Amino acid sequence: MRTWLRQLDDLLRGRATSPESLVEGRIALPARRFVVLAIVLGGVFGFFMGWYAYLRGSPDSAWQVLASMVKLPALFLLTLVVTFPSLYVFNALMGCRLSFMATLRLLIGAILVNVTVAASLGPILGFFTLSTTSYPFMILLNVALLAVAGVVALGFLLHTLRRLSLPRWQEIESAGPEAADRPGGAGRAPDVVDAEQYAQARSIFRVWVLIYGLVGAQMGWLLRPFIGNPNIPFEWFRSREGNFFSAVMQQLHNLLPID
């Protein structure tokens, strides 16, 4: 277990995605271990999510805690399954040197960063669960905390993908614009992309990040409930009407009613 935690620490500190490994298109991440860690840490945040129904004494509230612990990791892993093909194709189009398995390992690493940040926010969620009885507020708080974790993880992924597809652009940026004018400077290397290609790659990766976020949001809607309404009997899944975004707007209206 100590080895697993050390590998997780290496991932969070950026040592697991060192420039040396990225230059050769290698991602030395233990995928199986990281999947297990993602399930465990996702379950930690799911545990705090299920507190609300449990503390309000709703029928079968213990089942809600268990369901949240199972469905939270499933949310991220299922989103990975849906969005992985598009990311791999995008990487190939941009000349990324990652193999199929290396791309998969990188995505698993991003998911682990996501659930690790979420698990670290779990005590905050638990605190507000103990201090409020507002169901709309708890829904919006969960969405906000998961959004924060998602932004951190997607930032990690986007930063790594930029270095993979444009490995030498950062050298030019750090050297300054005058580097291209010096004899033998980085700006004269034939394999260096120009600013237009850099902007294009960044735009493509941002499009994929948007796709990932939309799929993840709707996946969460399909797997609901995660928190559990104390006024409704427990159920593993609800009917599929509506969508995530309309539900968030409805909860905002319930929390801050506007005539």
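**Rings, core and a loop residue**

The charged end of R224 sits over the ring of W221, 3.6 Å from the centre of that ring, in what is a predicted model. A second arrangement of this kind involves K71, whose charged end sits over the ring of F237 at 5.1 Å from its centre.

From these charges over rings one can turn to the rings that pair with each other, of which the structure holds 10 pairs. In one of them, Y88 and F100 have ring centres 5.5 Å apart and planes at 70°, and because planes over 60 degrees apart count as edge-to-face, the pair is placed in that class. Y88 belongs to helix α5 and F100 to helix α6, so the pair ties together parts that are 12 residues apart in sequence. Neither ring belongs to a buried residue, since Y88, at 29% relative accessibility, counts as partly exposed, and F100, at 44%, likewise counts as partly exposed. The rings of F128 and F137 have their centres 5.8 Å apart and their planes at 55°, so this pair is tilted. Here, too, the residues are partly exposed, F128 with a relative accessibility of 28% and F137 with one of 26%. Elsewhere, F47, F48 and W51 form one aromatic cluster.

The interior can be followed through the largest nonpolar core, which has 54 residues and in which L11, L112, L125 and W208 are those with the most contacts inside it. The elements that give two or more residues to this core are α1 (2-13), α3 (31-49), α5 (61-93), α6 (100-131), α7 (135-165) and α9 (195-223), and of these α6 gives the most, with 14 residues. The surroundings of L112 can be described residue by residue: setting aside residues up to four places away in sequence, L112 touches L8, L11, F34, L37, A38 and L41.

The last stop is T132, which is found in the loop between α6 and α7. Is this residue buried or exposed? With a relative accessible area of 17%, T132 is buried, because the limit for that term is under 20%. The side chain of T132 reaches the backbone nitrogen of S134 at 3.3 Å. Leaving aside neighbours within four places in sequence, T132 is also in contact with Y52, R56, F137 and M138, and F137 in this list is the residue whose ring forms the tilted pair with F128.

Note on methods:
Residues numbered from 1 in each chain as written. Predicted model: local features only at pLDDT ≥ 70, side-chain atom pairs only at ≥ 80, totals over all residues. Heavy atoms only, no water. Core = buried A, V, L, I, M, F, W, Y, C linked by side-chain atoms within 4.5 Å. Buried < 20%, exposed > 50% of the residue type's maximum accessible area, 1.4 Å probe, protein only. Helix = DSSP H or I, 4+ residues; strand = E, 2+ residues; numbered from the N terminus. Contact = heavy atoms within 4.5 Å. Phe/Tyr/Trp six-rings, centres within 6.5 Å; stacked < 30°, edge-to-face > 60°. Lys NZ or Arg CZ within 6 Å of the ring centre and 35° of its normal. Polar contact = N/O pair within 3.5 Å; in protein donor to acceptor, adjacent residues only side chain to side chain.
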